[in-house]
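Colleague: I've got the model open and I'd like to go through the labels on it. Can you talk me through the reasoning behind them?

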Amino acid sequence: MGQNDLMGTAEDFADQFLRVTKQYLPHVARLCLISTFLEDGIRMWFQWSEQRDYIDTTWNCGYLLASSFVFLNLLGQLTGCILVLSRNFVQYACFGLFGIIALQTIAYSILWDLKFLMRNLALGGGLLLLLAESRSEGKSMFAGVPTMRESSPKQYMQLGGRVLLVLMFMTLLHFDASFFSILQNIVGTALMILVAIGFKTKLAALTLVVWLFAINVYFNAFWTIPVYKPMHDFLKYDFFQTMSVIGGLLLVVALGPGGVSMDEKKKEW
């Protein structure tokens, strides 16, 4: 079997997977995508004092402002998650969650930590795809009415979402000389490029979902660490943030790459 045959078989598998799962894949994708906000919102409730004291100590802003920050995080994230899962005011929920990401990036000094900044940007990419999906659903209400070609805002949201999502994988690259690390870097980089440019997008995104999920379960197994140890919270945060990126990739599988992609351009050739 030649290389083209293998690629064709793999693409057929991706299409078959989408056909079988198309009824519930978007729901799973949305649940995965908001999981980090849900977990962090619940964390704010159970660790109210610790979070408040951290903000107060870091910024010397006083008890009231620090408490307001924790309350805003808790309310904003849980409300956003409820709206996304119930499919009500999804666009407003996305903008609110964008605001939470920006607020946390500043408050927790993530802006100066490249790894965490890239992961937060990847999380923002998932929200962009969710925003694009909500626009698509809005248009579907007018089925049968003649419309112009897919609007630019949605196309570029999908492009921006894909590009930002791959930043997560850049934080997983290992720069050492072992054979496994080199192989992982080559394969991972190739898949990242395919998703970013929108070529063989569904297959590449589905492959990244499997790969990232395996890495997540192996390296971020927070359930194996006692709750009282700081590493438990660190791994738990990493685990759910990675699950959100997986949710974004599942949306790519479900929605396709959008108009600004090589897959779309191929249809015109």
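Modeller: Sure. Two rings of Phe, Tyr or Trp count as a pair if their centres lie within 6.5 Å. With that in hand, Phe222, Trp223, Phe239 and Phe240 form one aromatic cluster. Bear in mind that this is a predicted model.

Colleague: How many aromatic pairs does a search of the whole structure find?

Modeller: The search gives 11 aromatic pairs.

Colleague: What makes Phe116 and Phe234 an edge-to-face pair?

Modeller: Their ring centres are 6.3 Å apart, and the cut-off for a pair is 6.5 Å. The planes meet at 75°, and edge-to-face needs over 60 degrees, so the label fits. This pair links distant parts of the chain: Phe116 is in helix α6 (residues 114-140) and Phe234 is in helix α11 (residues 230-255), 118 residues apart.

Colleague: Are those rings buried or exposed, and how do you know?

Modeller: Phe116 has a relative accessible area of 18%, and buried means under 20%, so Phe116 is buried. Phe234 comes out at 38%, which falls between the 20% and 50% limits, so Phe234 is partly exposed.

Colleague: And why are Trp223 and Phe239 called edge-to-face?

Modeller: The planes of Trp223 and Phe239 are at 90°, with the ring centres 5.6 Å apart, so that is an edge-to-face pair. Trp223 sits in the loop between α10 (201-219) and α11, while Phe239 is in helix α11, so the pair ties together parts 16 residues apart in sequence. Trp223 is partly exposed at 48% relative accessibility, whereas Phe239, at 10%, is buried.

Colleague: Arg119 caught my eye. What makes it buried?

Modeller: Its relative accessibility is 4%, and the limit is under 20%, so Arg119 counts as buried. Arg119 lies in helix α6. Leaving aside neighbours within four places in sequence, its contacts include Met168, Asp238 and Gln241.

Colleague: Which residues have the most contacts inside the largest nonpolar core?

Modeller: That core has 53 residues, and Phe37, Leu127 and Phe169 are among those with the most contacts inside it. Helix α11 gives the most to this core, with 10 residues. Looking beyond residues up to four places away in sequence, Phe37 touches Gln77, Cys81, Leu97, Ile101, Leu123 and Leu127. There is also a second, separate core of seven residues, including Met44, Ala66, Val70 and Leu74.

Colleague: Now α3. How do you know that its length agrees with what a helix should span?

Modeller: Helix α3 (residues 48-59) has 12 residues, which at 1.5 Å a residue should span 16 Å. Its end C-alpha atoms are 17 Å apart, so the two agree.

Colleague: Why say that its buried residues are on the same side?

Modeller: The buried residues of α3 are Gln51, Arg52 and Ile55. They cover an arc of only 100° around the axis, which puts them on the same side of α3. As background, an α-helix has 3.6 residues a turn, so residues three or four places apart point the same way. The buried residues of α3 pack against α2 (25-46), α4 (63-86) and α5 (90-107). After α3 comes Asn60, whose phi is positive, near 50°.

Colleague: Where does UniProt place the feature "transmembrane region"?

Modeller: The UniProt record puts it at residues 64-84, 92-112, 179-199, 203-223 and 239-259. In the model, residues 92-112 are 76% helix and 0% strand, with end C-alpha atoms 28 Å apart. For residues 239-259, the span is 81% helix and 0% strand, and the end C-alpha atoms lie 32 Å apart.

Conventions: Residues are numbered from 1 along each chain as its sequence is written. This is a predicted model: local features need pLDDT of at least 70, side-chain atom pairs count only at pLDDT 80 or more; totals for chains, interfaces and linings use all residues. Side-chain values use heavy atoms; hydrogens and water are left out. Rings of Phe, Tyr and Trp (its six-membered ring) pair if their centres lie within 6.5 Å; planes under 30 degrees apart count as stacked, over 60 as edge-to-face and the rest as tilted. Helices (H or I, at least four residues) and strands (E, at least two) are DSSP runs, numbered from the N terminus. Buried means under 20% relative accessible area, exposed over 50%, partly exposed in between (1.4 Å probe, protein chains only). A nonpolar core is a set of buried Ala, Val, Leu, Ile, Met, Phe, Trp, Tyr and Cys residues joined through side-chain atoms within 4.5 Å. Contact means heavy atoms within 4.5 Å. The expected span of a helix is 1.5 Å times one less than its number of residues. The arc is that of the directions from the helix axis to the C-beta atoms. UniProt positions are given in the numbering used here, feature names are shortened, and annotations may be inferred rather than shown by experiment.
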